[in-house]
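User: I am new to this structure and would be grateful for a close look at one part of it, the first of its chains. Please describe how that chain is built and how it meets its partner.

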Amino acid sequence: MKLPIFLDNHSTTPMDPRVLEAMLPYFVEKFGNAASRNHAFGWAAEEAVEQARKQIAKLINADSKEIVFTSGATESDNLALKGVLEMYKEKGTHIITSSTEHRAVLDTAKSLEAKGMATVTYLPVDKYGMVNPQDVQNAITDKTILISIMLANNEIGTINPIQEIGKIAKAKGVLFHCDATQGVGKIPVDVQAMGIDLMSFTSHKVYGPKGVGALYVRKRNPRVRIAAQIDGGGHERGMRSGTLPVPLIVGFGKACELCEQEMVTETARLIKMRDRLQTDIMAALEESYLNGHPTNRLPGNLNISFAYVEGESLLMGMKDIALSSGSACTSATLEPSYVLRALGVGTELAHSSIRFGLGRFNTDDEIDYTTKKVIEVVTKLREMSPLYEMAKEGVDLKSVQWAAH
Amino acid sequence: MAYSDKVVDHFNNPRNMGSFKKDDADVGTGMVGAPECGDVMKLQIKVQNDTIVDAKFKTFGCGSAIASSSLATEWLKGKTIEEAQKIKNTDIVQELNLPPVKIHCSVLAEDAIKAALADYQKKTDGQPTGTK
């Protein structure tokens, strides 16, 4: 076993060597511009891009013509929201989204609001982080043009009832965008069955290269139109100009193909490892709390709050394991995770949360090591924690008058 | 964010971690911060003849908060009450090379020192405790 261990697979994933192998010819030998229509260099590049488009479309049950390449999921989210708003502004300017969306959706929505271009409803989520489809239905007005709800949450892994929301959107004639960045390649995604009109996802979360992503844009029933946000040579059917990064797209395609082929076995393997990690840690450490949905969540996700210890110090104590925390101290804003707060997790427990993100290259040995280390470090830090000491003395921490600073 | 070697050292080998009985007459206790802010420090001093003979801490917080309080206990030992009053958060920032986002940890440590001294002084009502 090699240290450090990478258990932060929601942030990014290591590239699969098979993906790299597929990409290599497209750097030096086959370097053509896919938009060059009149010579062999261009044709080779275009062929590779179209092959990748098919591989990607197949994974989500789309048509390859419905895939628009972008630089990543953040750009896809921006393009979906801004592109739809701009295109359909005569019809309405109301967007419905949820409070636990990724910042790429929330901040885009806020930016549209600030510019006076949209009004936005931010739906609450239940204690597991799930959007209630009934809330979506109730929020729709005659001005609503877009619903944007994520497939699976990046912190707690909770999977939303996308199919039900898709049905509601369809019945009401409202477009449905889904940020599926964390779900694609990990769980089955079918844009037809789920009734999705636009969908953002990205290569580097599925063991592909960084710097390329896609926006699925439905072509029929209904045909969705978006206003381009980057103008230029009219690439991607005018929706996103810019020379296509052929090697990255080839890698993205290969990565999607591998996910599709291996999803069933890989999901079973990840769930087994994840459940073992969860059971062993929570059995050994009192007052550890699972964040997110107990069963309906991403196979590789585990998010636990350890009462009385602060998340960043936990990470510091486990520096040979790459993890992430909802603690304020790890964020630029000094605010603890807004996702955990939206679930109703208390601020102090939000500060105490650790996200484990298991992926394709994690092994049983790594999980054993992590389990041991987490128990050891939490125990050590609790010994050091005045809150733990008070709790053990029977002091009700909620009754203490703290001086907030 | 990378931590300075000194922060790492205090985190891995905390000095004077633990507790005194807070009701003892020669002990001053300062507890500052709040759980919802992500850091709580408890700093305790044991005083004889106006001199801090021992100090202990317990901290809920990030690595820099733990290091700041650990360092504070080191500095407090052997100082008189008057000398201890002069410890400034900026001294802690400098010693631990804390980055700007972690300055509040040093402020909290200074507050904890002040609170422990005030608690002790309240107990003794300004009279130094003699050796018992």
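Analyst: The account below takes chain A as its subject, from overall form to domains and sheet, and then turns to the contact with chain B.

The model is a predicted one. Chain A contains 12 helices and 13 strands. Taken along the principal axes, its C-alpha atoms fill a box of roughly 75 × 50 × 35 Å. The radius of gyration of chain A is 22 Å, and because a compact globule of 405 residues would have a value near 22 Å, the chain agrees with that expectation. Of these 405 residues, 52% count as buried. Contacts that span long stretches of sequence are well represented: among contacts in chain A between residues at least 6 apart, 73% join residues at least 24 apart.

Chain A is divided into two domains. Domain 1 is made of two segments, 5-9 and 263-392, while domain 2 covers 17-258. The centres of these two domains of chain A, taken over C-alpha atoms, are separated by 29 Å. Where they meet, 19 residues of domain 1 are in contact with 19 residues of domain 2. On the domain 1 side of this contact, strand β10 (301-306) and helix α9 (338-342) of chain A each supply at least two residues. Helix α9(A) gives the most to that side, with three residues. By character, the residues on the domain 1 side divide into six nonpolar, 10 polar and three charged.

The sheet of chain A merits separate attention. Seven strands form an open sheet, and they follow the order β2-β8-β7-β6-β5-β3-β4 with mixed pairing. Its edge strands are β2 (67-70) and β4 (119-123) of chain A, each of which pairs on one side only. From one strand to the next, the twist averages 20°. Within this sheet, strand β5 (residues 144-148) of chain A runs parallel to strand β6 (residues 175-179) of chain A, and three bridges join the two. At the level of single residues, I147(A) stands opposite F176(A) in β6(A).

The partner can be described in similar terms. Chain B has five helices and three strands, which follow the pattern α-β-β-β-α-α-α-α along the sequence. Its C-alpha atoms fill a box of roughly 50 × 30 × 20 Å along the principal axes. A compact globule of 132 residues would have a radius of gyration near 14 Å, and chain B, with 14 Å, therefore agrees. Buried residues make up 47% of chain B. Of the contacts in chain B with a separation of 6 or more, 64% are between residues 24 or more positions apart.

Finally, there is the contact between the chains. Here 23 residues of chain B are in contact with 23 residues of chain A. On the chain B side, β1 (27-34), β2 (39-48), β3 (51-60) and α2 (63-76) of chain B each supply at least two residues. Strand β1(B) gives the most to this side, with four residues. The residues of chain B that touch chain A divide into 13 nonpolar, six polar and four charged.

Note on methods. Residues are numbered from 1 along each chain as its sequence is written. Chains are lettered from A and ligands numbered from 1 in the order in which they are written. This is a predicted model: local features need pLDDT of at least 70, side-chain atom pairs count only at pLDDT 80 or more; totals for chains, interfaces and linings use all residues. Two strands pair if DSSP finds at least two bridges between them. Axes are lines fitted to C-alpha atoms, for helices over the stretch in contact, and angles run from 0 to 180 degrees between N-to-C directions. Two residues are in contact if their C-beta atoms, placed from the backbone, lie within 7 Å. Ala, Val, Leu, Ile, Met, Phe, Trp, Tyr, Cys and Pro count as nonpolar, Asp, Glu, Lys and Arg as charged, and the others, Gly among them, as polar. Domain bounds come from an automatic or database domain assignment. The radius of gyration is taken over C-alpha atoms; the globule rule is 2.2 Å times the number of residues to the power 0.38. A residue is buried if 20 or more other C-beta atoms lie within 10 Å of its own, exposed if 12 or fewer, and partly exposed in between; C-beta atoms are placed from the backbone.
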